Amino acid sequence: MASTVNNSSETYPEVEPTEPILYHDLKMLTSSMGIGTTCNTKTGFYELDLSGALPTLFYIDYATHQKLPLCSRPECQHNDETCNAVIPNAIGVVNFQQHLLVFCSAIEGNPSILQIGYDGNDRVTLVELNSADRYDRAFAGDQNVLFTIVEAYSSELNVQTPQLIQIDLAQGSIQKLTQLDSSKSWFLVGTADNTLILKSIEVTQNKNPGSHEAYLSQKHELFFYDLQLQEMTPQRSWMQEEVVDASYGDYLFFYIPSKGTFEVNRFDGAGLTTVLQSQPIPIPDSSSLYFLGLYDDRLVVQVGEKIESESSGSAANVKWRQFAVDISDGSVIELHLSYTYAGVTDFVVPVAESDGVLLVKCGVQEKMMTAEGPDGTIQQYPTVVPVYATISSTNYFSNNAQYTKIQ
């Protein structure tokens with residue numbers, strides 16, 4: 001593919017009505033929360049390290065259990081732009097069509113999307129966005145086309161407005177699919193056939209902005225955008241106080257605090273279908289819940305249980321517990337694998353999976369980083385980096401700590 005650059009106009013051209021396009025393998029490329037600093041392949045895991053002076057790509061090889069900079073030059077120090085692993089201004093990475101897509105910010109020039117080989121070579125700039133646009137949200141893709149929501153800047157109004165856009169990587173072109181309501185926050189959360197699934201969040205009026213009351217009063221609404229008809233239709237709405245939601249792949253999950261259960265919904269071309277209600281989690285009063293991901297058809301979550309502490313009198317503390325919900329039968333198991341660092345205990349959590357094996361974060365360790373200070377002197381400072389390991393899915397969900405640590 002040739003390097004191409006988008007024009008500098010503030011408004012992307014709208015998609016012209018065309019013959020219906022059938023998209024193949026349309027799927028989410030990132031989580032619904034946006035571009036991440038890690039991505040997975042069948043043979044290994046890529047991590048964009050942003051803790052140093054320059055963003056650096058690392059590769060974890062599942063076969064050798066080694067983590068190395070994505071650079072094959074033995075003499076390289078991996079500390080400047082001559083290194084294949086160093087990508088200035090990089091903010092995220094995605095696995096796409098047997099390549100890596102690296103997203104770069106607009107610290108210098110326009111925001112851009114690079115294509116890089118799995119070995120770190122063959123770096124090509126595929127497309128550039130308008131200089132003032134923000135594009136850190138979720139991406140979906142189909143072979144040569146990406147879909148995302150950008151906050152497009154208008155100098156005439158001096159505001160950022162949300163737009164759903166498509167990026168043709170083969171042509172290096174960007175087109176606007178539709179303008180979105182700027183009074184809401186928008187998220188791309190899933191795909192189904194030739195459909196993009198969007199969620200909006202709107203704060204109910206007459207509530208104190210930023211208050212817990214305002215948070216609980218947020219209205220969420222789900223929309224399907226038909227790429228063939230270029231039409232968006234509402235599907236379902238709910239309030240934050242009623243459910244907590246998250247989407248992974250073809251699934252949308254609702255946690256219902258009043259029942260302590262999960263509702264499993266599936267996206268398809270016909271809409272949103274409820275396929276399962278889980279068993280209740282054994283916490284009668286759970287004030288907080290975090291979705292960690294879907295691994296081996298099990299939804300992993302952390303739930304905060306309110307407890308009374310003798311030292312704090314009547315004040316309620318929160319004890320965290322970790323569970324897995326099997327989306328095939330709704331059964332729930334508690335997960336106990338943990339590690340301790342600096343006197344604090346935390347859970348072992350999955351970050352990727354491949355052929356029945358999970359890559360998990362099983363600890364943290366201190367690492368000394370080197371950076372150039374404002375006066376040009378070289379400075380060192382400590383930072384904390386994750387410790388990874390592989391474990392079979394069976395062992396992980398059986399609370400059996402049979403790890404092989406990544407070196």
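This is a short walk through one protein model, covering confidence, two sheets, some cysteines and a few salt bridges.

Okay, hi everyone. Before anything else: what we have here is a predicted model. How confident is the predictor? The mean pLDDT of the protein is 85, with 85% of its residues reaching 70 or more. There's a stretch to be careful about, though, and that's residues 1-9, where pLDDT stays under 50. For those residues the model has 24 contacts beyond four places in sequence.

Let's get into the sheets. If you look at strands 6 to 9, they make an open sheet of 4 strands, in the order 6-7-8-9, and the pairing is antiparallel. Who sits on the edges? Those are strand 6, residues 90-96, and strand 9, residues 124-128, each pairing on one side only. On average, neighbouring strands in this sheet are turned by 25° against each other, ignoring direction. Zoom in on strand 7, residues 99-104, and strand 8, residues 112-116: 5 bridges hold that antiparallel pair. If you want a spot to click on, take valine 102, whose bridge partner in strand 8 is leucine 114.

Now move along the chain to another sheet. This one is open too, with 4 strands ordered 18-19-20-21 and antiparallel pairing. Here the edge strands are strand 18, at 244-248, and strand 21, at 271-277, and each of them pairs on one side only. The average turn between neighbouring strands, direction ignored, is 25° in this sheet. Strand 18 runs antiparallel to strand 19, residues 251-256, and 5 bridges join them. One pairing to look at there is valine 244, which has tyrosine 255 in strand 19 as its bridge partner.

Next up, cysteines. How many disulfides are there in the whole structure? A search finds 0. Cysteine 71 is in no disulfide, and the nearest cysteine sulfur to it belongs to cysteine 83, 3.8 Å away. Cysteine 76 isn't in one either; its nearest cysteine sulfur is also that of cysteine 83, at 3.7 Å. Why don't those count? Because a disulfide here needs the two sulfurs within 2.5 Å. Are these two cysteines buried or exposed? Cysteine 71 has 14% relative accessibility, so it counts as buried. Cysteine 76 is buried as well, with a relative accessible area of 8%.

Last topic: salt bridges. The count comes to 9, and I'll show you a few of them.

Start with glutamate 151 and arginine 137, whose side chains meet at 2.5 Å, N to O. Glutamate 151 is in strand 11, residues 145-154, while arginine 137 is in the loop between strand 9 and strand 10, so the pair ties together parts 14 residues apart in sequence. Both glutamate 151 and arginine 137 are buried.

Then there's aspartate 245 with lysine 199, where the closest N and O atoms are 2.7 Å apart. This pair links distant parts of the chain, with aspartate 245 in strand 18 and lysine 199 in strand 15, residues 195-203, 46 residues apart. Aspartate 245 and lysine 199 are both buried.

And finally, arginine 236 forms a salt bridge with glutamate 263, with closest N and O atoms 3.0 Å apart. Arginine 236 is in strand 17, residues 231-239, glutamate 263 is in strand 20, residues 261-268, and 27 residues separate them. Arginine 236 has 30% relative accessibility, so it counts as partly exposed. Its partner, glutamate 263, is buried, at 8% relative accessible area.

That's it from me, thanks.

Conventions. Residues are numbered from 1 along each chain as its sequence is written. This is a predicted model: local features need pLDDT of at least 70, side-chain atom pairs count only at pLDDT 80 or more; totals for chains, interfaces and linings use all residues. Side-chain values use heavy atoms; hydrogens and water are left out. Two strands pair if DSSP finds at least two bridges between them. Helices (H or I, at least four residues) and strands (E, at least two) are DSSP runs, numbered from the N terminus. Axes are lines fitted to C-alpha atoms, for helices over the stretch in contact, and angles run from 0 to 180 degrees between N-to-C directions. Buried means under 20% relative accessible area, exposed over 50%, partly exposed in between (1.4 Å probe, protein chains only). pLDDT is the predictor's confidence in each residue, from 0 to 100. Contact means heavy atoms within 4.5 Å. A salt bridge is a side-chain nitrogen of Lys or Arg within 4 Å of a carboxyl oxygen of Asp or Glu.
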